[in-house]
Amino acid sequence: MVVNNSGDSKNQSPNPNARTGFKDSASICLPGTTPPEVPPFVPAAGLGGGHRQTLAGSLFNGSADFPGTVQRKVRVSDNDYIVLHDDQPNKWDHGGQVALLLHGLSGCHGSGYMMRIADKLNRRCVRSFRMDHRGCGAGEGLAENPYHAGRIDDLHRAIHSIENLCPGSSISIVGFSLSGNLLLRYLGDRSFDHSLNVFRAVAVCPPVDLRLCVRQLSKTRAGQRYDWYFTRQLINQLAGGPQWREDLPLAQVRRRPRRLYDFDEMYTAPASGFDSADDYYQFASANRYLSTINVPTTILAAQDDPLVSSEPFYDLDLPSTVNLCLTKYGGHLGYIGRQDGDPDRRWMDWRVIDWLLN
């Protein structure tokens with residue numbers, strides 16, 4: 001079931017149940033053109049609730065094997081590098097379809113959702129490039145400056161590199177979590193000369209208002225646990241590497257920060273040339289750029305996502321090129337459902353495949 005709503009999103013209540021009769025298994029599509037029919041997401045037995053979906057998606061993340069993967073380093077600004085993992089199907093021909101996959105916070109090319117969806121694309125003869133942001137995965141040690149939600153020039157250079165490798169191919173892009181925001185931010189920034197080869201885009205669970213999302217984490221005990229977990233992951237990733245800097249506030253404190261906001265205030269912002277965490281969030285958040293996206297784009301998000309607040313999605317200025325599919329359940333990159341119509345239980349994977357290929 002898909003509920004279409006063509007009214008002014010700014011006049012909509014943040015409670016969709018009150019105005020749409022939003023049922024447990026439904027999806028709601030807010031302004032933008034109607035996407036292809038979306039089958040309802042019904043959580044697998046025992047996996048109801050956003051926290052369970054999120055944890056199950058992380059713990060049982062799946063995998064795939066790509067024996068022929070080629071690593072390609074791409075030089076970005078400041079002589080740093082990102083890495084593209086090129087998975088080319090045996091039967092792929094020059095000019096065939098290409099997809100670029102972007103991982104989320106503290107992820108890499110080997111994250112479960114990256115591997116699973118690349119495998120599904122490979123089986124449909126789509127050449128995929130799994131990107132490691134600065135300092136992540138195979139990019140560890142290849143960058144002195146950190147990646148963040150506003151590194152849109154890095155994405156621009158990755159696309160340009162793929163164009164050189166695959167001339168004449170249409171390029172679809174999928175961004176997960178923090179990279180979903182980065183993707184939307186890039187597509188809506190009119191200061192870039194966007195490639196005409198960029199064909200479609202999908203953003204999954206994107207935190208389009210970064211400031212709101214980090215503040216929401218501190219309001220619940222569960223949110224505080226997620227906050228602490230990701231902050232610890234990021235600090236551990238920095239320790240002993242070329243991105244660690246003794247001149248930044250993070251190196252001067254006796255106790256490690258436990259919140260992403262504090263990490264961004266002490267490290268991300270000053271290391272990236274921003275005045276503060278709030279200055280960084282203002283620059284990088286995609287919500288102010290969605291109205292100028294002209295590439296066919298779908299946003300997938302869940303109301304019960306414990307990491308990314310769904311609140312901003314009810315006050316978006318969406319053009320006709322952008323579809324928003326907001327489900328009641330799914331958690332954060334979870335979406336493990338009953339096997340009802342899809343080849344496996346990974347509902348999110350199959351929607352991404354549908355939106356890219358159909």
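This tour moves through a predicted model, from a pair of helices to a group of strands and then to two serine residues.

**The helix pair**

Begin by selecting residues 152–165, helix H4, together with residues 178–188, helix H5. The axes of H4 and H5 lie 9 Å apart and meet at an angle of about 80°. Angles of 65 to 115 degrees count as roughly perpendicular, and H4 and H5 are therefore roughly perpendicular to each other. Next, display the side chains at the contact: H4 contributes Ile152, Leu155, His156 and Ile159, while H5 contributes Leu182, Leu183, Arg185 and Tyr186. Colouring these residues by class shows six nonpolar, one polar and one charged in the contact of H4 with H5.

**The strands on either side of H5**

Keep H5 in view and add strand E8, residues 198–204. Is E8 mostly covered or mostly uncovered? Six of the seven residues of E8 are buried, and the strand is thus mostly covered.

Now add strand E7, residues 171–176. E7 and E8 run parallel and are joined by six bridges. To see one position in this pairing, select Gly175, which stands opposite Ala203 in E8. Then trace the chain from E7 through H5 to E8: this path is a β-α-β crossover, and it is right-handed. H5 therefore appears twice on this tour, as the roughly perpendicular partner of H4 and as the helix of the crossover.

Select strand E9, residues 297–302, as the next stop. How many bridges join E8 to E9? Four bridges do, and these strands also run parallel. A position to display here is Val204, whose bridge partner in E9 is Leu300. E8 is thus paired with E7 through six bridges and with E9 through four.

**Two serines with positive phi**

Return to the loop between E7 and H5 and select Ser177. Its phi is positive, about 55°, although Ser177 is not a glycine. Is this residue buried or exposed? The relative accessible area of Ser177 is 9%, so the residue is buried, the cut-off being under 20%.

For the last stop, move to the loop between strand E5 (98–102) and helix H3 (112–123), and select Ser106. Ser106 also has a positive phi, near 60°, in a residue other than glycine. Its relative accessibility is 23%, so Ser106 counts as partly exposed, whereas Ser177 is buried.

Methods:
Residues numbered from 1 in each chain as written. Predicted model: local features only at pLDDT ≥ 70, side-chain atom pairs only at ≥ 80, totals over all residues. Heavy atoms only, no water. Axes fitted to C-alpha atoms, helices over the stretch in contact; angles between N-to-C directions. Parallel < 35°, antiparallel > 145°, perpendicular 65-115°, else oblique. Contact = heavy atoms within 4.5 Å. Nonpolar A, V, L, I, M, F, W, Y, C, P; charged D, E, K, R; others polar. Buried < 20%, exposed > 50% of the residue type's maximum accessible area, 1.4 Å probe, protein only. Pairing = 2+ DSSP bridges. Right-handed = clockwise from strand over helix to strand, strands pointing away.
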